[in-house]
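Let's practise reading a protein model together, one small step at a time. Have the sequence and the 3D view open, try each task yourself, and then compare your reasoning with the worked solution.

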Amino acid sequence: MSKRISIGPFTRINGLWHLKVEVENYKISDAWSIGTNFRGLEIILMGRDPRDAPYLTQRICGICSSTHALTSSFALEKAFNLEITPNGALLKNLIFACDLLQSHLRHFYFFVIPDYVNLPRVNPLTPSLVFSDRLPQGEKSRLLKNYESSMEITQRLHEMLVIFGGKAPHNHGILVGGATVPPDADKVRMFQSMLSQVESFVEEGLLPDLEALSSAYPEYYEWGKGYENLLTFGMFPDPHNPGELLYPPGIIKKGEKGPFQEKRVNEQARYAFYQDKEPLKPREGRTTPLFEKGQPYSWIKAPRYGEEVFETGPLARQVLRGKYKGGTGAMDRIYARGLECHEVVKEMDKWLGDLEPEGPVFTEYEVPARGEGEGFLDAMRGGLMHSVKIRNHRIEHYQIITPSAWNCSPRDNNDRRGPLEEALVGTPLEDLENPVEIGRIARSFDVCGSCAVHMVDLKGIELMPGRKLI
Ligand code: NFE
C-alpha cells in the first residue's frame, strides 16, 4: 500500500516551507523538501555601499538576523583587509550569542516539545496531532512550566542583545569594523545579571527537560540519520587571534573527522527554480530566478561539498569538538543543540570579563575601490557563507548560502536527495492519519524557510505534470 503525504505550510518552523513524503507499507520511501519563497537579497545588494550589507542581509530572517550581520561584516573586513579590536570582536560575539540562545531555546520549547508532549488543548496549540504521552506526570508538569518560562527567558535574551545591539531583531550594534556600543560598567553589570537568569534556566530547566525527553524517546537516536555527514564552518571569531575561530571548522564523514576546505563549497540547481543549473562556487554564484515546470520543485538551491551531501548544525560543532559522543539521529541533533546552550552561556560569562571598559570598539577605515572576501561562519543552524566583491567602492557581486539551504536542499545535479529528505527515508509511521514521526525528524534540523530560499506562490506549484504539491 502506498500513500503520499503533503504538509504545507509546515508549521512550527521559521518561515515558509513545505514537505512531501511518499509512504510504502507504513515506511517513508521518498521525500521532497520544498522552499516556497524567493529571497533575492543578493539582487537588492548590487550597486550599494558595502557598509550597508550587514544591515540589509539581517532582513533575510527575524530569528537569526544577527548571524547575517556577523558573517557579512566578517566577509567585508576580509575584503577591506581590516583587523578589528578585541572589544569589537567580543561585543559582536556577545550579540550573536544572545540570538543563538533565544533561537535554540525557542526551537526546543515551542517547536520540538509539542511533537512529543501533549500540551493543553488551547489556541494557538490546536488543532494538534494525536499521540500518547510517554513522560511521567512529574516531568511533564516541570516541562510545561518551563515551556512558559522559556517565553520570559527568550525575551530576556533579546533585552540583553539590545544592551549592546540597540534593537532586536535586526540590531544596529554589529558593523564592518567592530561594534557601536562601548561596554561601560553599568551595561556589563546589567548584561551579567540577566545572563545569570539565563544560566539558571539552562541548568535547572533545559538540561533536565532534555534528559527527560531523550530518555523517553530512544528510537529517535536511530531514526532520522540520513547521510551521517556533518559540516561546520566554525563559530565565534577569536577576539584575541584575528582570523582564528574559537570553535574550529571541520567535517565528519561517517564518523571520520577531517579539515574543512572552503574551495569545495558549491551550489547546484537542477531541481531549483534558477537559471544557472551547473555547480557554481560562491564567487561565481548567481541568483537568477527561473520559474519553470518540469524537474525543479524548490526555491532552495542545493549546496554541496564537492560532490558530497553534508548536513550542518550544532551536532556537527559538538561532535567535531569532542563535546558530544552520540550518533547522528534526530534526537542527537536536539541533544547537541541543548548542550551547546549550556556551553555558550559559560563562554559569554568569560567574554564579559574580557571586555575593556575604556578600550576601543571600532576601527576606522576607508571603503576601498576594489576588494573580495568570503565569510564562512556558523550561524545557530550551521554553516553560513557570505561572499562579496567590491568594484568602484560599490558591491558588484554578493552571494549567501545559509545553513537551512544545506539541510533542506532539494536533490542535486547527481539526483542525490538533500540531508533532510534523506533523513526521512526509512522512517516507520505508526498511524498514517497522525504521522507525528515526520514532524519530529524534520524539526530536528531546526528548519528556516526564510533564510534558505529566495514570493509565495499562492496557486501552488507542480512537481511534474498533474502532480501538485500544495
Ligand atoms: Ni532564518 Fe538562519 C540560521 C541563517 S538559516 S534562521 O541559523 O543563515 O538556517
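**Exercise 1.** Is Phe236 buried or exposed, and what is the sign of its phi?

*Solution.* Keep in mind that this is a predicted model.
- Step 1: Phe236 has a relative accessible area of 1%. Buried means under 20%, so Phe236 is buried.
- Step 2: Find Phe236 in strand S7, which covers residues 235-237.
- Step 3: The phi of Phe236 is near 60°, a positive value in a residue other than glycine. Why is that worth a second look? Most residues other than glycine have a negative phi.

**Exercise 2.** Where does His170 lie, and is it buried or exposed?

*Solution.*
- Step 1: His170 lies in the loop between H5 and S4. Helix H5 spans 137-165 and strand S4 spans 174-175.
- Step 2: His170 has a relative accessibility of 16%. The cut-off for buried is under 20%, so His170 counts as buried.
- Step 3: Although His170 is not a glycine, its phi is positive, at about 65°.

**Exercise 3.** Which residues are joined by the cis peptide bonds at Pro9 and Pro169?

*Solution.*
- Step 1: Gly8 and Pro9 are joined by a cis peptide bond with omega about -10°. Pro9 sits in the loop between strand S1 (2-7) and strand S2 (17-24).
- Step 2: From Ala168 to Pro169 the peptide bond is also cis, and omega is near -5°. Pro169 belongs to the loop between helix H5 and strand S4.
- Step 3: For background, most peptide bonds are trans.

**Exercise 4.** Which residues coordinate the nickel atom of the ligand, and what is the arrangement of its donor atoms?

*Solution.*
- Step 1: The SG atoms of Cys61, Cys448 and Cys451 coordinate the nickel atom of the ligand at 2.2 to 2.4 Å.
- Step 2: The 4 donor atoms around nickel subtend angles of 96 to 119°. Four donors count as tetrahedral if all angles lie between 85 and 135 degrees, so the arrangement is tetrahedral.
- Step 3: Along the sequence, the donor residues follow the spacing C-x386-C-x2-C.
- Step 4: Cys61 lies in the loop between helix H2 (53-58) and helix H3 (65-79), while Cys451 is in helix H13 (residues 449-452), so the pair ties together parts that are 390 residues apart in sequence.
- Step 5: Cys61 is buried at 5% relative accessible area, and Cys451 is buried at 4%.

**Exercise 5.** What is the site of the iron atom of the ligand like, and which residue coordinates both metals?

*Solution.*
- Step 1: Cys64 (SG) and Cys451 (SG) coordinate the iron atom of the ligand, at 2.5 to 2.7 Å.
- Step 2: The angles among the 4 donor atoms of the iron run from 76 to 158°, and the site is irregular.
- Step 3: Cys451 coordinates both iron and nickel, which are 3.3 Å apart.
- Step 4: Cys64, in the loop between H2 and H3, and Cys451, in helix H13, are 387 residues apart. Cys64 counts as buried, at 4% relative accessibility.

**Exercise 6.** Which atoms of Ser404 and Arg381 lie close to an oxygen atom of the ligand?

*Solution.*
- Step 1: For Ser404, a side-chain N or O atom is 2.6 Å from a ligand oxygen atom.
- Step 2: For Arg381, a backbone N or O atom lies 3.0 Å from a ligand oxygen atom.
- Step 3: The shell around the ligand divides into 9 nonpolar, 3 polar and 1 charged residues.

Conventions. Residues are numbered from 1 along each chain as its sequence is written. This is a predicted model: local features need pLDDT of at least 70, side-chain atom pairs count only at pLDDT 80 or more; totals for chains, interfaces and linings use all residues. Side-chain values use heavy atoms; hydrogens and water are left out. Helices (H or I, at least four residues) and strands (E, at least two) are DSSP runs, numbered from the N terminus. Buried means under 20% relative accessible area, exposed over 50%, partly exposed in between (1.4 Å probe, protein chains only). A polar contact is a pair of N or O atoms within 3.5 Å; within protein, one must be able to donate a hydrogen and the other to accept it, and residues adjacent in sequence count only if both atoms are side-chain atoms. Ala, Val, Leu, Ile, Met, Phe, Trp, Tyr, Cys and Pro count as nonpolar, Asp, Glu, Lys and Arg as charged, and the others, Gly among them, as polar. Donors are N, O and S atoms within 2.8 Å of the metal (3.2 Å for Na, K and Ca); water is not among the atoms, so sites may look incomplete. Four donors count as tetrahedral if all angles lie between 85 and 135 degrees; four count as square planar and six as octahedral if opposite donors are over 155 degrees apart and all others between 65 and 115; anything else is irregular.
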